[in-house]
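Work through the following exercises with the sequence and the coordinates open, and try each task before reading its solution.

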Amino acid sequence: MSDPLDPRHQLTPAHLPEEPAPVLTGETALPPRPSTPPTPDDLQAVFDVPVKVQAVLGRSKMDIGDLLRLKPGMVVELDRRVGEPVDIFVNNRIIARGEVVLIDATLGVTLTEIVRKEG
């Protein structure tokens, strides 16, 4: 016999709306894509998620011995030329390229290109 005051009885929905079946790709079931692009209000839940942003001016390879001999004032040659764009990474994934700017004695980056991964 079921008790009408049982909280489990009250939480059971009488009717759930029909949802389309998930799209199967390989072994992973993906929800169907929305018909309209997301709006800022749709993304509100992720606005406070911290991410690591890096602006990479260039890279260099050297032996550990050379690295240990570095002293203040020494120059490390990078694989970029003056004026080439810097790469902008978010969580170790390239998302844009930009130019280094100086704003009130602080370095910054102006985004000049958004990188979209094809595929």
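**Exercise 1: The pocket lining**

By class, the lining of the largest pocket comprises 5 nonpolar, 1 polar and 4 charged residues. The model is a predicted one, and the values below are computed from it.

Task: State which residues line the largest pocket, and sort them by class.

Solution. Begin with the list itself: the largest pocket is lined by Leu57, Arg80, Arg81, Val82, Gly83, Glu84, Pro85, Val86, Glu99 and Val100. Next, apply the class rule, under which Val, Leu and Pro count as nonpolar, Glu and Arg as charged, and Gly as polar. Leu57, Val82, Pro85, Val86 and Val100 therefore belong to the nonpolar class, Arg80, Arg81, Glu84 and Glu99 to the charged class, and Gly83 to the polar class. The volume of this pocket is about 160 Å³.

**Exercise 2: From chain to sheet**

Task: Describe the secondary structure of the chain, and then give the order of the strands in the open sheet.

Solution. The chain contains 2 helices and 6 strands, and along the sequence these elements follow the pattern α-β-β-β-α-β-β-β. An open sheet is built from 4 strands in the order β3-β4-β5-β6, with antiparallel pairing. Its edges are formed by β3 (53–56) and β6 (106–114), each of which pairs on one side only. From one strand to the next, the twist averages 40 degrees.

**Exercise 3: Two hairpins**

Task: Work out how β4 and β5 pair, how β5 and β6 pair, and which residues stand opposite one another.

Solution. Take β4 (residues 86–90) and β5 (residues 93–103) to start with: they pair in the antiparallel sense over 5 bridges, and they form a hairpin with 2 residues between them. Across this pairing, Asp87 stands opposite Arg97 in β5, and Ile88 stands opposite Ala96 in β5. Then move on to β5 and β6, which pair in the antiparallel sense over 8 bridges, with Val101 standing opposite Gly108 in β6. These two strands likewise form a hairpin with 2 residues between them, and Asp104 in the turn has a positive phi of about 50 degrees.

**Exercise 4: Asp87**

Task: Decide whether Asp87 is buried or exposed, and identify the side chain with which it makes a polar contact.

Solution. Asp87 lies in strand β4. Its relative accessibility is 8%, and Asp87 therefore counts as buried, the cut-off for buried being under 20%. In the chain of 119 residues, buried residues make up 8%. The side chain of Asp87 is joined to that of Arg80 by a polar contact of 2.5 Å, and Arg80 is also one of the residues lining the largest pocket.

**Exercise 5: Positive phi in the loops**

Task: For Asn91 and Ala105, give the location, the sign of phi and the class of exposure.

Solution. As background, most residues other than glycine have a negative phi. Asn91 lies in the loop between β4 and β5, and its phi is positive, near 50 degrees. With a relative accessibility of 45%, Asn91 counts as partly exposed, since that class runs between 20% and 50%. Its C-alpha atom is separated by 6.5 Å from that of Val53, although the two residues are 38 residues apart along the chain. Ala105, found in the loop between β5 and β6, also has a positive phi, near 65 degrees. The relative accessible area of Ala105 is 74%, and Ala105 is therefore exposed, the cut-off being over 50%.

Methods. Residues numbered from 1 in each chain as written. Predicted model: local features only at pLDDT ≥ 70, side-chain atom pairs only at ≥ 80, totals over all residues. Heavy atoms only, no water. Pairing = 2+ DSSP bridges. Axes fitted to C-alpha atoms, helices over the stretch in contact; angles between N-to-C directions. 1 Å grid on protein atoms, 1.4 Å probe; cavity = no way out; pocket = protein on both sides within 12 Å on 5 of 7 lines; lining within 4 Å. Points joined across faces, edges and corners; volume = space filled by probe spheres on them. Buried < 20%, exposed > 50% of the residue type's maximum accessible area, 1.4 Å probe, protein only. Polar contact = N/O pair within 3.5 Å; in protein donor to acceptor, adjacent residues only side chain to side chain.
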